[in-house]
Amino acid sequence: MALDEYRAVNRDNWDDRVPIHLDSDEYMVQKFIDDPEHISEVVQFDLDNDELGDLRGKSLLHLQCHIGHDTISWARLGANVTGLDFSEPAIEACRRLVTNSGTPGEFVVAEVFDAPAALDNRQFDVVYTGVGAICWLPDINGWAKIVAQLLKPGGTFYILEGHPMMWSVSQDDHGHQIVLDWPYFESAGPQGYEEDTTYAGEGTLEHKKAFNIPHGLGETIDALLQAGLVLDFVHEHKALPWQAFPMMVKSDAGRGLWKMPDGKEDFLPLAQSIKAHKPE
């Protein structure tokens, strides 16, 4: 699939984010270098929910890996990791992190839909996708076919993502209510917006414009099924490893988790995780 105007704009935007994220407290790059046992909050969320199991000795491909903090975390848990991202500065940062942290990993510059060719049609035991990834892709069915192509027979696919309902709402200006202000279904098409800052760190983006494409939970599940995968589970979570709305409060579960205020925990799903496998 050719890199359309929307993804080209997004790539420029993400290139600009790399140096800001590298210096941010949220990504804690220096801690990965100083502490050989440190892992990301997102991967810790996966572990606490026991969703992927023991990956020691397994080959893992992380699609849309950004600067590699989750990828390196899986390597520290025993996986043989490969990360892929369309941002060349991001992949350069991943390779520096490998060198500086002493944690092994392979990193490849490529767009998701070009992944099979970029990886010489290799297949993996696990294909992993983390938070805030698929909203940058225009075609969830095409994405699922790529996932299936990259999996070995019997291999596992796993994604942890913000729930599409969570992405569809925001907190009102008075701070008391959640309001619906973003499309839920992919048919809405790319949604453009401009911001000169990013969600982590301090700095200004030169390329302020970006496009998100929504994908409903049903659309994502159906795409994986149509690609020939078999579902193992679909989980909806009441906590996130970041504060999505100002009204959210720290969870008693700890480990940097955030939840809706007391009495409203059951009102809105905050995250989704999907595990599936490719038949033998």
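**Group meeting: a walk through the model**

Leaving out its neighbours within four places in sequence, Phe 86 is in contact with Arg 7, Asn 10, Arg 11, Trp 14, Val 109, Ala 110 and Glu 111. Good morning, everyone. I start with that residue and work outwards from there. Please keep in mind that this is a predicted model.

So where is Phe 86 in the fold? Phe 86 sits in the loop between β2, residues 80–85, and α5, residues 88–101. If you want a second marker on your screen, take Phe 157, which is 71 residues away along the chain; the two C-alpha atoms are 20 Å apart.

One of the contacts of Phe 86 is Glu 111, so let's go there next. Glu 111 is in the loop that links β3, residues 106–109, to α6, residues 115–118. Is Glu 111 buried or exposed? Glu 111 is buried, at 9% relative accessibility. Its side chain has two partners I'd like you to see. One is the side chain of Arg 7, with a polar contact of 2.9 Å. The other is the backbone nitrogen of Phe 113, which the Glu 111 side chain reaches at 2.9 Å. Arg 7 is also among the contacts of Phe 86.

Now to the helices around here. The axes of α1, residues 5–22, and α5 come within 7 Å and cross at roughly 30°. That makes α1 roughly parallel to α5. On the α1 side, the contact is made by Asp 15, Val 18 and Leu 22, and on the α5 side by Glu 88, Pro 89, Ala 90, Ala 93 and Arg 96. Helix α5 also lies across β2 and β3, running at about 170° to β3.

That brings us to the sheet. Which strands form it, and in what order? Seven strands make an open sheet with mixed pairing, in the order β3-β2-β1-β4-β5-β14-β10. At the edges stand β3 and β10, residues 230–237; each has a single partner strand, so one side of each is left without a neighbour in the sheet. From one strand to the next, the twist averages 15°. At the β10 end, β10 pairs with β14, residues 271–277, in the antiparallel sense over seven bridges. If you'd like one pair to click on, the bridge partner of Phe 233 in β14 is Lys 275.

Another helix to look at is α3, residues 41–48. Helix α3 lies across β4 (124–129), β5 (151–162) and β10, and runs at about 115° to β5. Following α3 along the chain, we come to Asp 50, in the loop between α3 and β1, residues 59–63. Asp 50 has a positive phi of about 50° although it is not a glycine. Asp 50 counts as exposed, with 61% relative accessibility.

His 66 makes a nice companion. His 66 lies in the loop between β1 and α4, and its phi is also positive, near 55°, in a residue other than glycine. His 66 is buried, with a relative accessible area of 8%.

Next comes helix α4 itself, residues 69–76, which is mostly covered: eight of its eight residues are buried. Those are His 69, Asp 70, Thr 71, Ile 72, Ser 73, Trp 74, Ala 75 and Arg 76. After α4 comes Gly 78, with a positive phi near 105°.

Now one for those of us who think about cysteines. How many disulfides does the structure hold? The structure holds zero. Why is Cys 65 not bonded to Cys 94? The closest cysteine sulfur to that of Cys 65 is in Cys 94, 4.1 Å away, which is too far for a bond; the cut-off used here is 2.5 Å. Both residues are buried: Cys 65 has 2% relative accessibility, and Cys 94 has a relative accessible area of 0%.

My last stop is Thr 198, in the loop between β8, residues 191–194, and β9, residues 209–212. Thr 198 is buried, with a relative accessible area of 11%. Its side chain joins that of His 21 in a polar contact of 2.8 Å. Beyond its neighbours within four places in sequence, Thr 198 is in contact with Arg 17, Ile 20, His 21 and Leu 205.

That's my tour. Thanks for listening!

Key. Residues are numbered from 1 along each chain as its sequence is written. This is a predicted model: local features need pLDDT of at least 70, side-chain atom pairs count only at pLDDT 80 or more; totals for chains, interfaces and linings use all residues. Side-chain values use heavy atoms; hydrogens and water are left out. Buried means under 20% relative accessible area, exposed over 50%, partly exposed in between (1.4 Å probe, protein chains only). Helices (H or I, at least four residues) and strands (E, at least two) are DSSP runs, numbered from the N terminus. Contact means heavy atoms within 4.5 Å. A polar contact is a pair of N or O atoms within 3.5 Å; within protein, one must be able to donate a hydrogen and the other to accept it, and residues adjacent in sequence count only if both atoms are side-chain atoms. Two strands pair if DSSP finds at least two bridges between them. Axes are lines fitted to C-alpha atoms, for helices over the stretch in contact, and angles run from 0 to 180 degrees between N-to-C directions. Angles under 35 degrees count as roughly parallel, over 145 as roughly antiparallel, 65 to 115 as roughly perpendicular and the rest as oblique.
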